[in-house]
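Student: Could we go through this model together, one question at a time?

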Amino acid sequence: MVTVRTLPPIEFNLWSYHVDITESDGSGSHSKHKVSMEKDYYEKISDGMIGPEDFVKKSFEFLSKREGKDSILKEFNINQIKEYFPEYEAEIRKSILEHTGNV
């Protein structure tokens, strides 16, 4: 389970979030992450079809399908994901469209 909480913005155009990933196997195992995201990047990828917290959550769901929670960086900017996973932006756009029923 991925839980996202908005933190105070770092700058006007740079948002900050606390993300907690909890294993669904009942073990209670979890990891904590602090991520930042530029408003412009969020708008470019999401077209505003989902809220910023949902965007961050979908990004972590994307990561969780590809690596264990303990392998995810503890602090990073959301646009860094594409450096590790070139398919990230296309997959997130697809996920947003499916979520909003605009497929």
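Student: How far does helix H2 reach from its first C-alpha to its last?

Tutor: This is a predicted model, in which local features need pLDDT of at least 70 and side-chain atom pairs count only at pLDDT 80 or more, while totals for chains, interfaces and linings use all residues. Residues are numbered from 1 along each chain as its sequence is written, and side-chain values use heavy atoms, with hydrogens and water left out. Helices are DSSP runs of H or I with at least four residues, and strands are runs of E with at least two, numbered from the N terminus. Helix H2, residues 52-64, has 13 residues, and its reach is close to the span expected at 1.5 Å a residue (1.5 Å times one less than the number of residues), namely 18 Å.

Student: Which residue is the bridge partner of Thr-22 in E3?

Tutor: Strands pair if DSSP finds at least two bridges between them, and 9 bridges join E2 (residues 14-22) to E3 (residues 30-38), which run antiparallel. Within E3, the partner of Thr-22 is His-30.

Student: Is Lys-69, which meets Asp-70 in a salt bridge, buried or exposed?

Tutor: A salt bridge requires a side-chain nitrogen of Lys or Arg within 4 Å of a carboxyl oxygen of Asp or Glu, and the Asp-70 and Lys-69 side chains meet at 3.3 Å, N to O. Buried means under 20% relative accessible area, exposed over 50%, and partly exposed in between, with a 1.4 Å probe and protein chains only. Asp-70, at 58%, is therefore exposed, whereas Lys-69, at 8%, counts as buried.
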